[in-house]
Amino acid sequence: MTRTTPRSADRSQGLSRRDVLARLGWGGGAISMLGAGPLPDFGELRIEGLPAAQNAAIRLSSNENPYGMCQAARDRLQAEVENANRYPFAWSAPLHGAVARHVGVAESNVALGAGSTEILRMCAVAWSERGVLQAEPTFETLGSYTRKFGNRVVGVPVDAEGRHDLNAMSDRLDEAGVIYICNPSNPASTLLPQSELDAFLDRVPGDKLVIIDEAYHEFVDAPDYHSQVERSVASSNIVVIRTFSKIYGMAGMRVGYVVGPRALVRQLDAHRTEMSIGVISAACATASIEDPDYAADQKRLNLEARSILEAGLERLGRPVWESQTNFVMCDLGRPMMPVNRAMADRGVAVGRLFPALPNGLRISVGTPAQMHRCVDALEAVLA
Ligand SMILES: Cc1ncc(COP(=O)(O)O)c(C=O)c1O
């Protein structure tokens, strides 16, 4: 792993943190009350019936957004409670239109799903018989459904910088009919250089299907980055998957979507569970995607908190791969599971084991206060 210099979040332009918090509903008086002290601890886990130790945990384990949904989505949630007795067609249709407008494609180029997990399962049902070529490690869902369905997964180790090794993947294209690219990557957190990804896609034969998972697209801060949505719609063999779970803070609501050429979108949609997105989830997702500011605000907050985490890890001498996401992958230089358990004992839940990276600790970005608490806990555990 290479050590990353903490990124300088763009704090000099645009909205201040105060503005962003105000938009989150932490208006005037509440912000003044915060003064210079610590921020409120968004994202504390509180589930009735769980043991106290677990309920005290700061959840930095699942790449969730600690601030949750935007205010407009919260308002819709309250209002739509009245419609929980209705089937969701009248709510999912507007969401479909809103997503198509948001990404700038026709509705026939979009299918919805109950989170991108449902979309990945649809891909596995439709196509995994042809075998899946993917990075190792990568996000597990497509590979695990592929294996469950008795089909083959070919894993190609990531390179020393934690990036998909596109040259090595090119050499193995013959071994599978489906290629899964997670960009930015989970769990590595890295982004592929744009020109390399574009050149790789140029090389992939037209009879192979390419699934590009852009779950973390909205967090990317690289100047030359662009989504593959436009290319996918113009292609006959590429689809792009996105989710409302990350930047929009809706992981518990289960909404995702896939964009691509009509024929492929139709194939996938045939495998969707009908009505899998409920009234309230669809309404909240529509409100989120129509909010003109929320994603940019959340990106800014994420950069700010991630810089604190990265600076803390650098101080502890723990290298990270360069993150373009709402989490970092840190090299502990020793097995991560005992550290993971010791962190949990201190009330900080961090990422799971990725077998290809036994020393890699994935830490999700939370609030600035949570980042300080996480670094303090890690310092104590590593001491
Ligand atoms: C790369 C990637 N894809 C897909 C998902 C699944 O997200 P969801 O089903 O919540 O949309 C995740 C969740 O962590 C992810 O990291």
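These are my notes on the ligand site and the cysteines.

**Entry 1: the model.** I am working from a predicted model.

**Entry 2: who sits around the ligand.** I pulled up the shell and got 13 residues around the ligand. Those that come nearest are Ser116, Thr117, Tyr216, Thr243 and Ser245. I then sorted the shell by class: six residues are polar, four nonpolar and three charged. Which helix gives the largest share of the shell? I found that helix 6, residues 115–127, does, with three residues.

**Entry 3: polar contacts.** I went through side chains next. Asp213 has a side-chain N or O atom 2.7 Å from a nitrogen atom of the ligand. On the oxygen side, Tyr216 puts a polar side-chain atom 2.6 Å from a ligand oxygen. For Ser245 I also read 2.6 Å, again between a side-chain N or O atom and an oxygen atom of the ligand. How much of the ligand does the protein bury? Taken alone the ligand exposes 400 Å², and 93% of that is buried by the protein.

**Entry 4: cysteines.** I searched the whole structure for disulfides and came back with zero. A disulfide is a covalent bond joining the sulfur atoms of two cysteines, so I checked a sulfur distance. Why is Cys284 not bonded to Cys70? Cys70 holds the cysteine sulfur closest to that of Cys284, but the two are 8.3 Å apart, which is too far for a bond; the cut-off is within 2.5 Å.

**Entry 5: cysteine burial.** I looked up accessibility too. Cys284 counts as buried because its relative accessibility is 0%. Cys182 is also buried, with a relative accessible area of 2%.

Conventions: Residues numbered from 1 in each chain as written. Predicted model: local features only at pLDDT ≥ 70, side-chain atom pairs only at ≥ 80, totals over all residues. Heavy atoms only, no water. Near = heavy atom within 4 Å. Polar contact = N/O pair within 3.5 Å; in protein donor to acceptor, adjacent residues only side chain to side chain. Areas by Shrake-Rupley, 256 points an atom, 1.4 Å probe, with all protein chains shown as cover. Helix = DSSP H or I, 4+ residues; strand = E, 2+ residues; numbered from the N terminus. Nonpolar A, V, L, I, M, F, W, Y, C, P; charged D, E, K, R; others polar. Buried < 20%, exposed > 50% of the residue type's maximum accessible area, 1.4 Å probe, protein only.
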